[in-house]
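Me: Please take a close look at one part of this model, a helix and what packs around it. Then carry the same approach over to the other chain.

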Amino acid sequence: MYPPKLEAIISLFESLPEVERRETLVSYADNAKKQEPRPGEKFTLEDIRKDEECADTVGVYLQVDDEGKAHFRMTLGPEVQTLTRAMTAILCKGLDGRTPQEVLELPGDFVTRIVGAELVRVRSQTIYYVLTRIKGICKVYLDRQRMAEVA
Amino acid sequence: MTTSPTEYVHPEALVDADWIEKHQNDNDVRIIESNEDILLYDTGHIPGAVHIDWRTDLQDQVIRDYIAPDKFAELCSRNGISPQTTCVFYGDKANWWACYALWAFRLFGHERVKILNGGRDKWKAEGRTMTREVPKYPRTDYPVPAKRFDKEIRAFADEALAQSKAGKPLIDVRSPGEFKGEITHMAEYPQEGVLRGGHIPGAKSMPWKTATNDDSTFKPASELAKIYFDQCGLKPGTDTVVYCRIGERSSHTWFVLTYLLGLENVRNYDGSWTEWGNKVGAPIERS
């Protein structure tokens, strides 16, 4: 149902007691900076903006390789919450190598399985924001592909 | 009290980072971090600080209300807090949740409370020491408070309505867009389930942020007096009710009015707009 890399991450989190789940989320959040674009990397699409739904600017960078597989990079402003940072690292890793169409069709119900019901609550809903943005850039990519085919 | 004080009425309620560094190991002092970002404490905090979560530690997990007095006693006991402990609160978002936690401690009658001026942001910006080590303190036996001081510092919806009908001071500390009913959520935040926009009739708009400087510290007493006495028309001795969306931003203003300006009859309507904006038949003004 989920991409294998993401399924592995979900399984890991589901196996953890609450304290270790939090520690692992913080560890992923610490790694969010590693998801930033590296010097010389080229992208198929870039979407950098500040939305009302998130506390700071978030940049999503999509590269679709010759085999049609998607690779993501992301930049996060300093005000972005820890859980959102964690989800950034998780999704960049878990969705790497899937097609944009597969990413677009991904159901969002895995988020609570990773984060745990305890942490999904008022003032933490932006955990879904990163997934929405990643799906958003995939949709733009697919729309442009279809338009190009029609033209 | 004068209407243009040059000093805070309760300056002892504010401490700075130097004070923390000098007193953080005192047995009768407990540093408490309280944040909106629920994992922020885990990423690093002031050495020796304990974490109090505004929802899981302070709120009842079923009913929308605060914990019962015995749960508060347990919370304090497991964090090594006694009634004689001075609790110094700090956190993210310019101390929204620190003020909320302080207000909740006052609900249970804990008197010895302070705020770290500038909160977590200023501490971090100054390059002060932070750690991920979670401290352990010897358990105390905090007595179960005899009552919760709801009547004194908390307002419920019917009391906010009575305040409105009586033309008594109501301060809406949300953003101007929320006050006018143009938006039903804070800018930069998702919708939190409010069906109607606007404000309680008669309320004056004074966003919480008006009371702070850019570094999240509180403005001087003279400037606060101009804001709340001159612009809002508040007067010593008059009942005042403050509100926002869920009671955290209004806790910040409650702290300013109660401790920094010394007003004695300020209550926080913590049900705030997430209650009022959903309440069937509740009167609403838009302007």
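A helix and its surroundings

Reply: Ile153(B) lies in helix H5 of chain B, residues 150-153. The model is predicted. Start from this residue and work inwards. Ile153(B) is partly exposed, because 19 other C-beta atoms lie within 10 Å, and buried would take 20 or more. Setting aside neighbours within four places in sequence, Ile153(B) contacts Trp103(B), Arg106(B), Leu107(B), Arg267(B) and Asn268(B). Trp103(B), Arg106(B) and Leu107(B) are among the buried residues of H3(B). So much for contacts; for a long-range distance, take Ala13(B). Ile153(B) and Ala13(B) are 140 residues apart in sequence, and their C-alpha atoms are 17 Å apart in space.

Now the helix itself. H3(B) has 12 residues. From first C-alpha to last, H3(B) reaches 17 Å, close to the 16 Å expected at 1.5 Å a residue. How much of H3(B) is covered? Mostly covered is the answer: 12 of its 12 residues are buried. These include Trp96(B), Trp97(B), Cys99(B), Tyr100(B), Leu102(B) and Phe105(B). Arg106(B) is also on the buried list, as are Ala98(B), Ala101(B) and Ala104(B).

Next, the ends. What comes before the helix is a loop between strand E4 (86-90) and helix H3 (96-107) of chain B, and Ala94(B) sits in it. Asn95(B) is found in the loop between E4 and H3 too. Most residues other than glycine have a negative phi. Ala94(B) is not a glycine, yet its phi is positive, near 55°. Asn95(B), also not a glycine, has a positive phi of about 75°. Ala94(B) is buried, because 25 other C-beta atoms lie within 10 Å. Asn95(B) is buried as well, because it has 31 such atoms within 10 Å. After the helix comes Gly109(B), with a positive phi near 85°.

Now the packing. Two packed helices are described by the angle between their axes and the distance between the axes. H3(B) packs against helix H9 of chain B, residues 248-260. The angle is about 70°, and the axes are 7 Å apart. H3(B) and H9(B) are therefore roughly perpendicular. From H3(B), the contact takes Trp96(B), Trp97(B), Cys99(B), Tyr100(B), Leu102(B) and Trp103(B). From H9(B), it takes Glu248(B), Arg249(B), Ser251(B), His252(B), Trp254(B) and Phe255(B). By class, that is 8 nonpolar, 2 polar and 2 charged residues. Trp103(B) recurs here: it meets H9(B) and also touches Ile153(B).

One more site in chain B is Pro169(B). Pro169(B) lies in the loop between helix H6 (157-165) and strand E6 (170-172). Pro169(B) is buried, because 23 other C-beta atoms lie within 10 Å. Its contacts, not counting residues up to four places away, are Leu234(B), Thr238(B) and Thr240(B). Asn79(B) is 90 residues away along the chain, and the two C-alpha atoms are separated by 37 Å.

Turn to chain A. Helix H3(A) has two packing partners to follow here. Take helix H2 of chain A, residues 18-30. The axes of H2(A) and H3(A) come within 7 Å and cross at roughly 75°. That makes H2(A) roughly perpendicular to H3(A). Leu25(A), Val26(A), Tyr28(A) and Ala29(A) of H2(A) meet Thr82(A), Leu83(A), Arg85(A), Ala86(A), Ala89(A) and Ile90(A) of H3(A). This contact has 8 nonpolar residues, 1 polar and 1 charged.

The other partner is H6(A), residues 127-150. H3(A), residues 82-94, and H6(A) pack at an angle of about 40°, with axes 7 Å apart. The two are therefore oblique to each other. Their crossing is right-handed. On H3(A), the contact uses Leu83(A), Thr84(A), Met87(A), Thr88(A) and Leu91(A). On H6(A), it uses Ile127(A), Tyr129(A), Val130(A), Leu131(A) and Ile134(A). The classes here are 8 nonpolar, 2 polar and no charged residues.

Finally, H6(A) has 24 residues and reaches 36 Å from its first C-alpha to its last, close to the 34 Å expected. Its buried residues are Ile127(A), Tyr129(A), Val130(A), Arg133(A), Ile134(A), Ile137(A) and Cys138(A). Their cover includes strands E1 (45-49), E2 (58-64) and E3 (70-76) of chain A. Helices H3, H4 (100-104) and H5 (110-115) of chain A also help to cover these residues.

Definitions and conventions: Residues are numbered from 1 along each chain as its sequence is written. Chains are lettered from A and ligands numbered from 1 in the order in which they are written. This is a predicted model: local features need pLDDT of at least 70, side-chain atom pairs count only at pLDDT 80 or more; totals for chains, interfaces and linings use all residues. Axes are lines fitted to C-alpha atoms, for helices over the stretch in contact, and angles run from 0 to 180 degrees between N-to-C directions. Helices (H or I, at least four residues) and strands (E, at least two) are DSSP runs, numbered from the N terminus. Angles under 35 degrees count as roughly parallel, over 145 as roughly antiparallel, 65 to 115 as roughly perpendicular and the rest as oblique. A crossing is left-handed if the near helix is turned anticlockwise from the far one by less than a right angle, and right-handed if clockwise. Two residues are in contact if their C-beta atoms, placed from the backbone, lie within 7 Å. Ala, Val, Leu, Ile, Met, Phe, Trp, Tyr, Cys and Pro count as nonpolar, Asp, Glu, Lys and Arg as charged, and the others, Gly among them, as polar. The expected span of a helix is 1.5 Å times one less than its number of residues.
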